[in-house]
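Subject: Structure handover

Hello,

Here is the structure you are taking over. Please open it beside this email and follow along as you read.

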Amino acid sequence: MKIAFIGDIVGRPGRRIIKDKLSGLIKEHGIDCVIANGENASHGFGLTVKNCDELLASGIDVITGGNHSWDKKKDMLVLLESHPVLRPDNYPSEVPGSGLKIIEVNGSKLAIINLMGLFCMPQVLNPFTHALELVDKLNQDGIKNIFVDFHAESTAEKRIMMQILQKKVSAICGTHTHIGTDDLEITKGTFYVTDLGLTGCRDNVIGMDAKVPVYKALTGMGGHFDVPSSCKTIMQIVIIDIDDNGDAIDAIKVKLFNNKENIVSSAVIN
Ligand SMILES: [Fe+2]
């Protein structure tokens with residue numbers, strides 16, 4: 001099966017480029033399932049029901065979250081009940097929703113796991129022991145195709161997760177920093193990238209208008225971050241080919257710019 005993952009969608013510019021480009025990519029690459037991180041999709045903070053419906057209508061099948069999952073709490077509670085929306089699974093068990101979803105793709109089961117790191121993040125359970133417990137259970141249940149969105153600030157935590165889950169899952173994609181890294185690899189059948197990077201405005205500060213973050217940095221005074229209404233945009237997506245054993249065998253990353261040529265890079269296969 002061919003699955004695709006889109007990095008953190010930031011605000012309307014991110015939603016718009018997905019609406020414009022995703023269906024073409026699905027056809028061009030024969031993508032069977034699209035997962036995306038949507039915790040910043042509604043003006044940079046959280047996800048509303050309306051915006052979630054828009055993303056699903058654009059061709060996304062499952063939406064993952066992170067530290068901003070609760071920014072639109074009322075909407076999120078509805079989404080976790082009624083939409084294919086996840087929040088990190090390593091929140092304490094009394095927290096509504098789930099970070100695990102098993103879907104059917106081309107007659108095979110695909111498990112999608114959403115986890116959150118520890119450094120600079122809300123208080124959550126140990127993501128590493130939690131991941132191992134989840135994955136071991138899925139393996140016992142005979143589920144071979146497993147995708148992990150690990151939403152974390154620390155690059156070291158992401159590399160540790162890769163070492164722990166290598167060979168056990170099909171793909172681990174890092175999200176949250178909004179800045180893409182170029183370390184795409186496939187090792188022992190597991191695709192890995194430290195961070196996929198954002199989908200939205202690209203010439204500002206992590207998808208937000210630069211004015212407030214720059215003012216904050218220079219003065220130490222606060223302010224509310226805003227997504228610009230117009231900007232140069234980028235869409236960042238990985239497309240991963242998974243064989244019948246649940247092993248990643250090939251992967252590319254496509255960066256689509258709204259005013260220049262796309263850049264395609266391939267994963268190193270170790
Ligand atoms: Fe985040």
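Two strands count as paired if DSSP finds at least two bridges between them. With that in mind, look at the open sheet of this predicted model: seven strands form it, in the order β4-β5-β6-β7-β9-β8-β14, with mixed pairing. The edge strands are β4 (100-105) and β14 (268-269), each of which pairs on one side only. Strands of a sheet pair through backbone hydrogen bonds, and they do so either parallel or antiparallel. One pair inside this sheet is β7 with β9 (residues 190-193): the two run parallel and are joined by three bridges. There, C173 stands opposite V193 of β9.

Strand β1 (residues 2-6) is also worth a look. Four of its five residues are buried, so β1 is largely enclosed by the rest of the structure. Which strands does β1 bridge to? It is joined to β11 (residues 233-242) by five bridges, and the two run antiparallel; F5 has V238 in β11 as its bridge partner. It is also joined to β2, this time in parallel and by four bridges. In that case A4 has V34 in β2 as its bridge partner.

Next, the overall form. The protein has six helices and 14 strands. Its C-alpha trace spans about 50 × 45 × 35 Å along the principal axes. A compact globule with 270 residues would have a radius of gyration near 18 Å, and the 17 Å of this protein agrees with that. Buried residues make up 53% of the 270. Of the contacts with a separation of 6 or more, 64% are between residues 24 or more positions apart. The accessible surface comes to about 11800 Å², and carbon and sulfur atoms account for 52% of this area.

Then there is the metal site. Which residues donate to the iron ion? The protein donors are E39 (OE), N67 (OD1), H151 (NE2) and H176 (ND1), and they lie 2.0 to 2.2 Å from the ion. Along the chain, the donors follow the spacing E-x27-N-x83-H-x24-H. Two of them, E39 and H151, link distant parts of the chain, being 112 residues apart: E39 is in the loop between β2 (33-37) and α2 (49-57), while H151 is in strand β6 (residues 145-151). E39 is buried, with a relative accessible area of 2%, and H151 is buried too, at 0%.

What is the geometry of the site? The angles among the four donor atoms of the iron ion run from 84 to 163 degrees, and the site is irregular. To count as tetrahedral, four donors need all angles between 85 and 135 degrees, so the range of 84 to 163 degrees does not meet that rule. For reference, the ideal angle for four tetrahedral donors is 109.5 degrees.

Last, two backbone angles. Most residues other than glycine have a negative phi. C120 has a positive one, near 60 degrees, and H178 has a positive one as well, near 75 degrees. Both are in loops: C120 lies between β5 (108-116) and α4 (127-140), and H178 between β7 (171-175) and β8 (185-187). Are these residues buried or exposed? C120 counts as exposed, at 58% relative accessibility, whereas H178 is buried, with a relative accessible area of 6%.

Regards

Terms used:
Residues are numbered from 1 along each chain as its sequence is written. This is a predicted model: local features need pLDDT of at least 70, side-chain atom pairs count only at pLDDT 80 or more; totals for chains, interfaces and linings use all residues. Side-chain values use heavy atoms; hydrogens and water are left out. Donors are N, O and S atoms within 2.8 Å of the metal (3.2 Å for Na, K and Ca); water is not among the atoms, so sites may look incomplete. Four donors count as tetrahedral if all angles lie between 85 and 135 degrees; four count as square planar and six as octahedral if opposite donors are over 155 degrees apart and all others between 65 and 115; anything else is irregular. Buried means under 20% relative accessible area, exposed over 50%, partly exposed in between (1.4 Å probe, protein chains only). The radius of gyration is taken over C-alpha atoms; the globule rule is 2.2 Å times the number of residues to the power 0.38. Contact means heavy atoms within 4.5 Å. Accessible areas come from the Shrake-Rupley method with a 1.4 Å probe; for residues, only the protein chains shown count as cover.
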